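Please open the model in a viewer and keep the sequence panel visible. The tour below proceeds by selection, each stop stating what to pick and what is found there.

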Amino acid sequence: MKLHEKILTHFLSCTSPVDKEGYLYKKKERNATYYRRWFVLKANLLFYQDRPADRHLLGVIVLEGCTVQLLDSDGYFPFSLEFGSGLKTYRLAAGDAQTQGRWVKALFLASHCYLSCLVRDLGRQYEEVKQQQECSDSLSSFRSFSPPTNSLVVPTLGPSTVVREGRSFSASAALPPPSIPTKLAAKKSPKKWQRRNAHVTPLNGPAPPYGEWSLVGSDPLIEFRKLHDFYGQEVQKAREEWLRSRQTEEDRSENDLIDLG
Amino acid sequence: MRFNEKELVCLSRQPSEMAAELGMRGPKKGDVVKKRLVKLVVNFLFYFRTDEEEPIGALLLEQFRSPGYTQCRVERGGHLQTFSIVFLDEAERKYLFECDSEEQCKDWIDSIIKASYEFMRRNLIFYRTEIHRLTGKDPLEQYGISDEARFQVNSGSQLVVRDTSSL
């Protein structure tokens with residue numbers, strides 16, 4: 001099988017990060033003698049050459065599917081890269097225990113599979129953290145309000161009405177979600193619940209009966225919280241949908257822009 | 001240059017979600033499109049003659065760019081969907097692949113780009129930085145790998161950093 005070497009040598013010499021480099025001893029399979037080589041670990045590839053400045057690469061070890069083993073001391077500080085039955089075992093050694101430990105750890109973390117799992121895990125954590133942040137951002141803007149004892153005041157957020165009396169208040173004041181695009185917000189709560197401006201009482205008839213204000217009870221503050229929770233769920237769903245659609249949009253558009261040079 | 005060929009061939013036999021028969025054309029002048037079984041495993045693109053067990057070759061998917069898929073007209077007024085990979089060495093070697101559909105092209109480019117170790121590393125650094133910014137905690141601490149050179153924010157040259165404001 002042909003391994004296109006020029007791609008590898010270019011990768012080695014380009015400016016992407018080197019993960020570890022240094023002298024190690026490498027045992028030859030045939031004669032069990034250690035030879036000192038300069039090793040460069042980059043991504044999931046371990047290159048080796050005679051000296052650091054050498055242009056000529058002696059070889060490369062692709063580190064997928066191998067286990068890294070610490071070995072008992074044989075005068076040196078050995079360890080091995082084992083690929084499994086029927087496949088190679090590379091025997092390497094460091095000059096001291098600290099170097100040995102560092103190389104073993106670095107090689108252990110070098111595989112593509114390992115990085116893949118790590119990225120997936122962190123990606124999930126990131127999404128969770130982002131969602132939590134957005135939720136707590138919207139909640140904290142309500143909790144920071146502390147009402148005076150004798151009157152009901154709804155916190156003013158955006159162009160909402162401030163209620164000064166009784167148990168009536170405007171639904172539109174309850175939940176301002178600033179990060180949701182207006183067209184999404186327009187589909188949700190404000191349309192479902194008719195706005196009632198508490199200051200306007202119908203001239204030709206009585207005020208709406210208590211029963212119409214289904215979520216309104218005798219204690220306006222408690223009821224406000226209920227309302228907030230009730231509509232908050234809708235808002236949260238909408239926010240999640242929006243975040244998801246933004247993510248896929250961004251993934252798609254990034255394909256054209258990526259230049260891995 | 002020596003390499004662990006047997007082990008790499010073994011790697012090429014691992015199951016992969018991205019494996020298909022595509023037309024493939026090499027970078028040299030005079031190269032023609034040939035039918036190959038193309039298979040993506042970790043950050044390598046292996047290509048086989050159909051029904052052969054050992055790959056003909058392996059391409060390391062690092063330091064390349066993909067100009068995106070293109071449509072080209074062929075004889076008799078038909079159309080082909082193709083994508084290419086150009087390696088960023090001095091020779092700027094270009095490999096061209098023919099797919100059955102636009103969707104297949106997009107899937108391949110997407111998968112190939114995301115398979116690159118350097119791409120994954122950049123994502124990791126982004127997540128690490130953001131989680132730390134939002135929570136004050138380093139997510140790699142729990143794994144005991146915070147100090148590894150491999151995962152450092154400032155390692156190597158700064159490649160394109162993702163714009164966090166878009167999120």
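**Stop 1: where the two chains meet**

Select E1 of chain A together with E5 of chain B: these two strands pair in the parallel sense over 2 bridges. Within this pairing, A:Leu3 stands opposite B:Ala58 of E5(B). The model is a predicted one, and its scores are ipTM 0.87 and pTM 0.68.

Keep E5(B) selected and add E4(B). The pair is antiparallel and is held over 4 bridges, with B:Leu45 opposite B:Leu59 of E5(B).

Which residues of E5(B) are buried on each side? B:Gly57 and B:Leu59 lie on one side, B:Ala58 and B:Leu60 on the other, and all are buried, so that both faces of the strand are covered. In a regular strand, side chains alternate between the two faces of the sheet.

**Stop 2: the first helix of chain B**

Now select residues 5-12 of chain B, which form helix H1. Its buried residues are B:Glu7, B:Leu8, B:Val9, B:Leu11 and B:Ser12. Both chains contribute to their cover: from chain A it includes strand E1 (2-3) and strand E5 (59-62), and from chain B strand E1 (2-3), strand E3 (34-41), strand E4 (44-48) and strand E5 (57-60).

Next, select B:Leu8 alone and display its surroundings. What does B:Leu8 contact, leaving aside its neighbours within four places in sequence? In chain A the partners are A:Met1, A:Leu3 and A:Val62; in chain B they are B:Phe3, B:Phe44, B:Phe46 and B:Ala58.

**Stop 3: the nonpolar cores**

B:Leu8 also belongs to the largest nonpolar core, which has 67 residues. Select it along with B:Phe44, B:Leu45, B:Phe83 and B:Trp108, the residues with the most contacts inside this core. Then add helix H3 of chain B, residues 117-135, which gives the most to the core, with 8 residues. To see how the core relates to the domains, colour residues 5-115 of chain B as domain 1 and residues 121-161 as domain 2; both give residues to this core, and it therefore lies between them.

A second core, separate from that one, has 21 residues, including A:Tyr48, A:Leu58, A:Leu63 and A:Val104. In soluble globular proteins, nonpolar side chains tend to be buried together.

**Stop 4: the sheet that takes in a strand of chain B**

Select the strands in the order E6(A)-E7(A)-E8(A)-E2(A)-E3(A)-E4(A)-E5(A)-E1(B): they make an open sheet of 8 strands with mixed pairing. Its edge strands are E6 (67-70) of chain A and E1 of chain B, each of which pairs on one side only.

Add residues 97-108 of chain A, helix H2, which packs on this sheet. H2(A) touches E2, E3 (34-42), E4 (45-49), E6, E7 (77-82) and E8 of chain A, and its direction makes about 15° with that of E7(A).

Within the sheet, start from E2(A), residues 20-27. On one pairing, E2(A) meets E8(A), residues 89-94, in the antiparallel sense over 2 bridges, where A:Lys26 has A:Leu92 as its bridge partner. E2(A) also runs antiparallel to E3(A), joined by 8 bridges; here A:Leu24 is partnered by A:Arg37. The hairpin of E2(A) and E3(A) has 6 residues between the strands, and A:Ala32 takes a positive phi near 50° in it.

Move on to E3(A), which is mostly covered, with 7 of its 9 residues buried. E3(A) and E4(A) are antiparallel and joined by 5 bridges, with A:Lys42 opposite A:Leu45 of E4(A). Their hairpin has 2 residues between the strands, and A:Ala43 takes a positive phi near 55° there.

**Stop 5: chain B as a whole, coloured by confidence**

Finally, select all of chain B, which comes to 3 helices and 9 strands. Of its 167 residues, 48% count as buried. Among contacts in chain B with a separation of 6 or more, 43% join residues 24 or more positions apart.

Colour chain B by pLDDT: the mean is 87, and 84% of the residues reach 70 or more. Where in chain B is confidence lowest, and where is it highest? The lowest is strand E7, residues 70-73, at a mean of 62, and the highest is E4(B), at 98. Residues 156-167 of chain B stay under 50 in pLDDT, and the model gives this stretch 22 contacts beyond four places in sequence.

Note on methods. Residues are numbered from 1 along each chain as its sequence is written. Chains are lettered from A and ligands numbered from 1 in the order in which they are written. This is a predicted model: local features need pLDDT of at least 70, side-chain atom pairs count only at pLDDT 80 or more; totals for chains, interfaces and linings use all residues. Side-chain values use heavy atoms; hydrogens and water are left out. Buried means under 20% relative accessible area, exposed over 50%, partly exposed in between (1.4 Å probe, protein chains only). Contact means heavy atoms within 4.5 Å. pLDDT is the predictor's confidence in each residue, from 0 to 100. Two strands pair if DSSP finds at least two bridges between them. Axes are lines fitted to C-alpha atoms, for helices over the stretch in contact, and angles run from 0 to 180 degrees between N-to-C directions. A nonpolar core is a set of buried Ala, Val, Leu, Ile, Met, Phe, Trp, Tyr and Cys residues joined through side-chain atoms within 4.5 Å. Domain bounds come from an automatic or database domain assignment.
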